[in-house]
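Visitor: Please show me the structure, and let us then discuss it question by question.

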Amino acid sequence: MKVHFLNLISLMFVCILLSASVGHTQFDPHVHGHASLMLALEKSVIEMDFNSPAMNLVGFEHKATTQEDIEKVESAKRKLQQHDALYTFVGTQCTIDSVAINTSGILDENQHQHHDAHQEHHAHDAKHDHGNRDTHSEVSAKYRFACKNIHSLKSIKLSLFEYFPGISKVNTMWVTENSQGSVTLGKDKPTIDLK
């Protein structure tokens with residue numbers, strides 16, 4: 001299964017290069033308001049890789065050092081873990097196998113665990129971190145779904161725009177064993193049509 005998925009991922013990167021060269025959806029590396037979603041569908045599995053500038057999800061990109069910033073990051077993580085609210089599968093039933101949220105660009109887990117003991121120290125660090133406006137931090141979420149009959153999957157609706165108003169566009173690319181495609185989604189077009 002892993003060998004097949006690696007082949008699909010390789011194919012996905014080829015698709016990205018091809019779509020950029022022929023004028024289809026472009027995947028900008030870091031644009032506020034924009035996010036990206038990559039999907040690989042194989043047999044009964046859907047792998048999803050969501051990436052977004054931290055600004056879209058929490059309103060900043062520096063390391064979270066204040067209690068308020070840490071709470072914003074934790075809130076975003078909780079929302080991203082609500083896979084059943086963020087993604088709706090039309091045509092088949094899919095259940096979650098795994099979710100992995102990466103906020104390491106804006107939240108140091110060790111710092112978070114010892115926040116109360118070092119409040120004064122972090123307040124000092126925050127003054128320095130907040131001054132660095134050239135920081136470009138990302139947040140990512142990886143999902144793995146198992147689907148009953150993946151060939152019946154017609155579309156996937158994203159509710160990310162409702163949960164994260166800072167996201168205006170999601171550049172989306174998918175690859176299956178037989179096809180690939182890309183689309184730019186937004187509040188007015190939140191659905192990936194696979195059929």
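The questions and answers below concern a predicted model and treat its sheet, its aromatic pairs and its salt bridges.

Visitor: In what order do the six strands of the open sheet stand?
Guide: The pairing within this open sheet is mixed. Its edges are held by β4 (94-102) and β8 (180-185), each with a single partner strand, so one side of each is left without a neighbour in the sheet. Neighbouring strands are turned by 15 degrees against each other on average, direction ignored. The order is β4-β5-β2-β1-β7-β8.

Visitor: Which helix packs on the sheet, touching β2, β4 and β5?
Guide: The helix in question spans residues 67-81, and its direction makes about 160 degrees with that of β4. The helix that touches β2, β4 and β5 (138-147) is α3.

Visitor: How many bridges join β1 to β2?
Guide: Strand β1 covers residues 34-42 and strand β2 covers residues 45-53, and the two run antiparallel. Among the facing residues, Leu 37 stands opposite Phe 50, and Ser 36 has Asn 51 as its bridge partner. The number of bridges between β1 and β2 is seven.

Visitor: Which residue in the hairpin of β1 and β2 takes a positive phi?
Guide: The hairpin has two residues between its strands. The phi in question is near 50 degrees, and the residue that takes it is Lys 43.

Visitor: Which residue of β5 is the bridge partner of Met 48?
Guide: β2 and β5 pair in the antiparallel sense, over nine bridges. In β5, the partner of Met 48 is Tyr 143.

Visitor: How many of the nine residues of β2 are buried?
Guide: A residue counts as buried under 20% relative accessible area. One residue of strand β2 that meets this condition is Glu 47, at 18% relative accessibility. Strand β2 is largely enclosed by the rest of the structure, because the buried count among its nine residues is seven.

Visitor: What is the geometry of the aromatic pair formed by Tyr 87 and Tyr 143?
Guide: The pair links distant parts of the chain, with Tyr 87 in strand β3 (residues 87-90) and Tyr 143 in strand β5, 56 residues apart. Tyr 87 is buried at 2% relative accessibility, and Tyr 143 is buried at 1%. The ring centres lie 5.1 Å apart and the planes stand at 70 degrees. Planes over 60 degrees apart fall in one class, so the pair is edge-to-face.

Visitor: What is the geometry of the pair formed by Tyr 143 and Phe 145?
Guide: Both Tyr 143 and Phe 145 are buried. Their rings are 6.2 Å apart, centre to centre, with 20 degrees between the planes. An angle under 30 degrees decides the class, and the pair is stacked.

Visitor: Which residues form the aromatic cluster?
Guide: The structure contains three aromatic pairs. Two of them have been described above: Tyr 87 with Tyr 143, and Tyr 143 with Phe 145. The residues of the cluster are Tyr 87, Phe 89, Tyr 143 and Phe 145.

Visitor: How far apart are the closest N and O atoms of Arg 144 and Glu 47?
Guide: Arg 144 lies in strand β5 and Glu 47 in strand β2, so the pair ties together parts that are 97 residues apart in sequence. Arg 144 is partly exposed at 24% relative accessibility, whereas Glu 47 is buried at 18%. A salt bridge requires such atoms within 4 Å, and here the distance is 2.4 Å.

Visitor: Which residue meets Lys 142 in a salt bridge?
Guide: Lys 142 is partly exposed, with a relative accessible area of 44%. The salt bridge spans 3.0 Å, N to O, and links strand β5 to strand β2 across 93 residues. The partner in β2, itself partly exposed at 22%, is Asp 49.

Visitor: By how much of a helical turn are Lys 72 and Glu 68 separated?
Guide: These residues form a salt bridge with the closest N and O atoms 3.7 Å apart. Lys 72 is partly exposed at 36%, whereas Glu 68 is exposed at 53%. Because they are four residues apart in helix α3, the separation is about one helical turn.

Visitor: Which residues are joined into one network by salt bridges that share partners?
Guide: The whole structure holds four salt bridges. One of them is formed by Arg 144 and Glu 47. The residues of the network are Glu 47, Asp 97 and Arg 144.

How values were computed. Residues numbered from 1 in each chain as written. Predicted model: local features only at pLDDT ≥ 70, side-chain atom pairs only at ≥ 80, totals over all residues. Heavy atoms only, no water. Pairing = 2+ DSSP bridges. Axes fitted to C-alpha atoms, helices over the stretch in contact; angles between N-to-C directions. Contact = heavy atoms within 4.5 Å. Buried < 20%, exposed > 50% of the residue type's maximum accessible area, 1.4 Å probe, protein only. Phe/Tyr/Trp six-rings, centres within 6.5 Å; stacked < 30°, edge-to-face > 60°. Salt bridge = Lys/Arg side-chain N within 4 Å of Asp/Glu carboxyl O.
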